[in-house]
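Today I'm poking around for two things: empty space and aromatic rings. Here are my notes, in the order I looked things up.

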Amino acid sequence: MAKGKAPRRTLDSYTLRNINKTIKAGDCVLMRPAERSKPQYVARIERIEADARGGNVKVHVRWYYRPEESIGGRRQFHGSKEVFLSDHYDVQSADTIEAKCTVHSFKSYTKLDAVGNDDFFCRFEYNSATGAFNPDRVAVYCKCEMPYNPDDLMVQCEGCSDWFHPACIEMTAEEVKLLDHYFCETCLSEDPKKLQNSLASSVDLDTKVANS
């Protein structure tokens, strides 16, 4: 007579001895890739389970995709630490977890004083079968009409509050950082006197000033 499948139980938490960290459902982790030359996989733990004796611990995860892993690939506005929450679920051995990490909301990420190796951000959910994103559109900025990339230096026009890349306004990053005033061409054409009363602000990866 065939043996029945051994019962498994759900764990509230589990301590990974190899990294001396305790994980629980809802935590984000970095997992060992199939090829060591590739970056670690980013995942969110949905459930932790073990056999009746507490061994053979498995984690049910929901994968985050990096832009280059998506159907459309990496685009100019994708941040270096950007990931997409996918609809791809999986079960992995807990032994493949190499570190804990934090996946911030986009707004929270832009307010960080410093970005660590274990900091990521997510502003899209991703359908791994169709390549569709949710939301399917986000605010765009600058003359180039691109979504905001928090890695890029931008300067804000005090007239319309739009943000601009230095290259798009024919300036260097160094010139933008030295600005005391900035109004875009459109605002200046409407009221040239604005230049006399303006206050400029700029955003870069270090300051993390929100752009909305």
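A cavity, for my purposes, is a set of grid points where a 1.4 Å probe fits but cannot get out. I should also note up front that I'm working with a predicted model.

**Entry 1: closed space**

I wanted to know how many cavities of 30 Å³ or more there are. The count came to one. I looked up the volume of the largest cavity, and it is about 30 Å³. Then I asked which residues line it. I wrote down Gln76, Phe77, Met146, Pro147, Asn149, Asp152 and His165. Sorting that lining gave me three nonpolar residues, three polar ones and one charged one.

**Entry 2: open space**

Next I went for the largest pocket, which holds about 210 Å³ of space. Its lining has 16 residues, and I noted that Arg75, Phe77, His78, Phe124 and Phe133 lie nearest the centre. The lining splits into eight nonpolar, five polar and three charged residues. I spotted Phe77 again here: it helps line the largest cavity and is also listed nearest the centre of the largest pocket.

**Entry 3: ring pairs**

A pair of aromatic rings is described by the distance of the centres and the angle of the planes. I searched the whole structure and got 12 aromatic pairs. I picked out phenylalanine 106 and phenylalanine 121, with ring centres 5.5 Å apart and planes at 55°, so I filed the pair as tilted. Where do the two sit in the chain? Phenylalanine 106 is in helix α1 (residues 106-110) and phenylalanine 121 is in strand β9 (residues 119-122), so this pair, 15 residues apart, links distant parts of the chain. I checked whether they are buried or exposed, and both turned out buried.

My other pick was tyrosine 126 with phenylalanine 133. Their ring centres are 5.1 Å apart and the planes are at 45°, so this pair is tilted too. Tyrosine 126 is buried, with a relative accessible area of 3%, whereas phenylalanine 133 is partly exposed, at 29%. These two belong to one aromatic cluster with Tyr65, Phe84 and Phe124. Phe124 and Phe133 had already turned up in my pocket notes, among the residues nearest the centre.

**Entry 4: charges over rings**

Last thing: which charged ends sit over a ring? Lysine 81 has its charged end over the ring of phenylalanine 120, 4.7 Å from the ring's centre. Arginine 123 lies over the face of phenylalanine 106, at 4.7 Å from the ring centre. That is the phenylalanine 106 I had paired with phenylalanine 121 in the entry before.

How values were computed. Residues are numbered from 1 along each chain as its sequence is written. This is a predicted model: local features need pLDDT of at least 70, side-chain atom pairs count only at pLDDT 80 or more; totals for chains, interfaces and linings use all residues. Side-chain values use heavy atoms; hydrogens and water are left out. Rings of Phe, Tyr and Trp (its six-membered ring) pair if their centres lie within 6.5 Å; planes under 30 degrees apart count as stacked, over 60 as edge-to-face and the rest as tilted. Helices (H or I, at least four residues) and strands (E, at least two) are DSSP runs, numbered from the N terminus. Buried means under 20% relative accessible area, exposed over 50%, partly exposed in between (1.4 Å probe, protein chains only). A charge sits over a ring if NZ of Lys or CZ of Arg is within 6 Å of the ring centre and within 35 degrees of the ring normal. On a 1 Å grid over the protein atoms alone, a cavity is a set of points where a 1.4 Å probe fits but cannot get out, and a pocket is an open set with protein on both sides within 12 Å along at least five of seven lines; lining residues have an atom within 4 Å of a point. Grid points are joined across faces, edges and corners, and a volume is the space filled by probe spheres set on the points. Ala, Val, Leu, Ile, Met, Phe, Trp, Tyr, Cys and Pro count as nonpolar, Asp, Glu, Lys and Arg as charged, and the others, Gly among them, as polar.
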